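Biologist: Got a minute to walk me through this one? Let's pull it up first and then I'll start asking.

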Amino acid sequence: MVHSSPRTPRLPVRLRSRFRLLLGSGAAAAALVAASVIPFGPLAPAPQQAQAADSGGKKVLTVAVSQSVDSLSPFLAQSLVSTSVLRLGYEFLTNYDPKDAHTVPGFATAWKTSPDKLTWTFTIRNNSKWSDGVQATAADAAWTFNKMMSDPNAATANGSFTANFKKVTAPDPATLVIQLKKPQATMLALDVPIVPKHIWEKVTDFSKFNNDKSFPIVGNGPFVITDFKVDQYIKLKPNKSFWRGAPKFDELDFRYYKDQDAAVAALQKGEVSFVSNLTPAQATALKTTDNIKVNDAPGRRFYALATNPGAKAKNGEKMGNGNPALLDPAVRKALFESVDINTIIDKVFQGHAAKGEGYIPPRFSSYFWKPSDTQRIPFDPAKAAQTLQQAGYKKSGGKLLGKNGKPLNLRILCHATDPNDKAVGKYLQEWWAKLGIGLKVDCLDNVGDPWLAGDYDLAIDGWSVNPDPDYVLSIHTCDALPATPKDSPATDNFICDKQYDALYKKQAAEYDPAKRADLVKQMESRLYDTGYMNVMAYPNAVEAYRTDQIKSITTMPEAAGNIWGQDGYWSWWSAVPADSSSDSSGGSSSTGLIIGIVAVVVIAGGLGLFVMMRRRSTAEDRE
């Protein structure tokens, strides 16, 4: 699924989302290559400014997205586009520095812990106001967390962060006190939007309220959400009272594009200014286009093959229609022994990705893990056939027979808007056919409904990972399962493994960075061994923008970083128009340029001490 950390169906992620791809050789794949390559022809001279019918002298930054918004409620939203938009509208307690992702102030300016690490006291800034003029205080943060603790529906998206909270209070407007049941290592990485109590206390049913009917939406982030229409657009305007300084554009629009080729063509014409998740062919063509710069940087996502582990709810009720043959470890192992990752990297991503290893991408070096030589499942079709034979599976007429005596046919769920998914699906069909296993590739516009219902055998999955990986680790715990089949799940792939869960609880309570990293790596090792989540690649962030429209924009990290899907609001908040004479020190500007941004969607130091985090200003106006 595509996701945020923050995610897709969600789509499960959070900073989650999909990646691009093109095929190379292979008869079944050849047609897809032609279908996914844009016919780049001679270009007309790029206009000095992109035009918009309603510009009216305003500076408008337009972001085109292909992923549907699942919800504008911070308590429900899990898709990458949704969480990215909400990150612009609401502050979190803390943020991540764009240079190296270390913790910096957000809604909180300072924090301290008790000697036993069970009480955290946050100092809330006094210069943050809600966009309706009401002062934002610690009471808003306390109400947000208490609602998540008391209402399971309000914990749908981010409940893993508050599951260990014992009590949350706001003794005064500038003080937030969180008492824990046991130590929690994520206290400086609580990726939870803080909402205004005076607005949200009126909501009666958090499972149904999507926050998309009354505008403008009251928030305290750098932007204010002003309008939304399903699969059409989301509109935002600068929050003039934002404590860090207002963005420099008069409007920020996210517009829905189902077809990425049209978005890239618009970039070529100068109608939009930024495109993310480019295919290799698109990136190559754009590198030779005047006034366009291609950014190809290590990404924060993984691209994986997920296997249905026998989906069920916490109450034990089975969900969906996953093929029971996949419950056999031998079948899962044989399938992955037949996946040629090198071909996927070379032919699909055409080198714009790193080879998949463990669950956490190598960009996060502290948590990056890869299997040992004896543990690794290598590409070996002959061994795959032997694995199945030794497990008692037989062939008849070239078809592998399941334990029920019928030919084994599987389905794989994937995204219709992502050419990577389609191409990989074609390769899997070819490779698994040699084992005698049939595969139906189901690439859908909406994968969320069947995915969360458990109606799949396999799925192409992907999540953006945050600097603190707790969230993407939590979505594979038993606690993430839905209470009943009718409830909304926080799970990614219905995995529920006692050994994994025990390790998750240990890492969540471990404050020593080295010890925690070791526990996380043990979790990745266990996840690898189950065979339910096989990482095939770590796609690069391949993006392009018009240098004649965007003067400067923040990447994260600053060295070899990405623009779309950051851990924070830095890119859109910092963006400066090419015709602007202003520096990057914050504040809005006022003449007319329409900028289009295309983002095709495919996430403690010494404790017991009082830690004062002071805001730093630089030439780029970043923390």
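**Helix, sheet and a loop**

Modeller: Let's start with helix α11, whose buried residues are P419, N420, D421, A423, V424, G425, Y427, L428, W431 and W432. Bear in mind that this is a predicted model.

Biologist: Which residue caps the N-terminal end of α11?

Modeller: Look for a side-chain oxygen that lies 2.8 Å from the backbone nitrogen of N420. That oxygen belongs to the residue capping the N-terminal end of α11, D418.

Biologist: And how far apart are the end C-alpha atoms of α11?

Modeller: Helix α11 covers residues 419-433, which is 15 residues. At 1.5 Å a residue, it should span 21 Å. The model agrees with that, because the end C-alpha atoms of α11 are apart by 21 Å.

Biologist: Now the open sheet of six strands: what order do the strands have?

Modeller: The pairing in this sheet is mixed. Its edge strands, each pairing on one side only, are β14 (353-355) and β18 (438-444). Neighbouring strands are turned by 30° against each other on average, direction ignored. Reading across, the order is β14-β20-β13-β19-β17-β18.

Biologist: How many bridges join β13 to β19?

Modeller: Strand β13 takes in residues 301-307 and β19 residues 458-464, and the two run antiparallel. One pair of residues to look at is A306, which stands opposite A459 in β19. The number of bridges joining β13 to β19 is seven.

Biologist: Helix α8 lies across this part of the model; at about what angle does it run to β20?

Modeller: Helix α8 is residues 329-337, and it lies across β13, β17 (409-415), β19 and β20 (533-539). Against β20, the helix runs at about 25°.

Biologist: Let's go to the loop between β14 and α10 (381-390), where S366 is found. Is S366 buried, partly exposed or exposed?

Modeller: The relative accessible area of S366 is 47%. Buried would need under 20% and exposed over 50%, so S366 counts as partly exposed.

Biologist: Which residues is S366 in contact with, leaving aside neighbours within four places in sequence?

Modeller: Take D518 as a landmark: S366 and D518 are 152 residues apart in sequence, yet 8.9 Å apart in space, C-alpha to C-alpha. With those sequence neighbours left aside, the contacts of S366 are A517 and K521.

Biologist: Last one, for the whole protein: what percentage of residues count as buried?

Modeller: The secondary structure comes to 16 helices and 25 strands. The protein exposes about 22900 Å², with carbon and sulfur atoms supplying 51% of it. Of the 623 residues, the share that counts as buried is 60%.

How values were computed:
Residues numbered from 1 in each chain as written. Predicted model: local features only at pLDDT ≥ 70, side-chain atom pairs only at ≥ 80, totals over all residues. Heavy atoms only, no water. Helix = DSSP H or I, 4+ residues; strand = E, 2+ residues; numbered from the N terminus. Buried < 20%, exposed > 50% of the residue type's maximum accessible area, 1.4 Å probe, protein only. Areas by Shrake-Rupley, 256 points an atom, 1.4 Å probe, with all protein chains shown as cover. Pairing = 2+ DSSP bridges. Axes fitted to C-alpha atoms, helices over the stretch in contact; angles between N-to-C directions. Contact = heavy atoms within 4.5 Å. Expected span 1.5 Å × (residues − 1). Polar contact = N/O pair within 3.5 Å; in protein donor to acceptor, adjacent residues only side chain to side chain.
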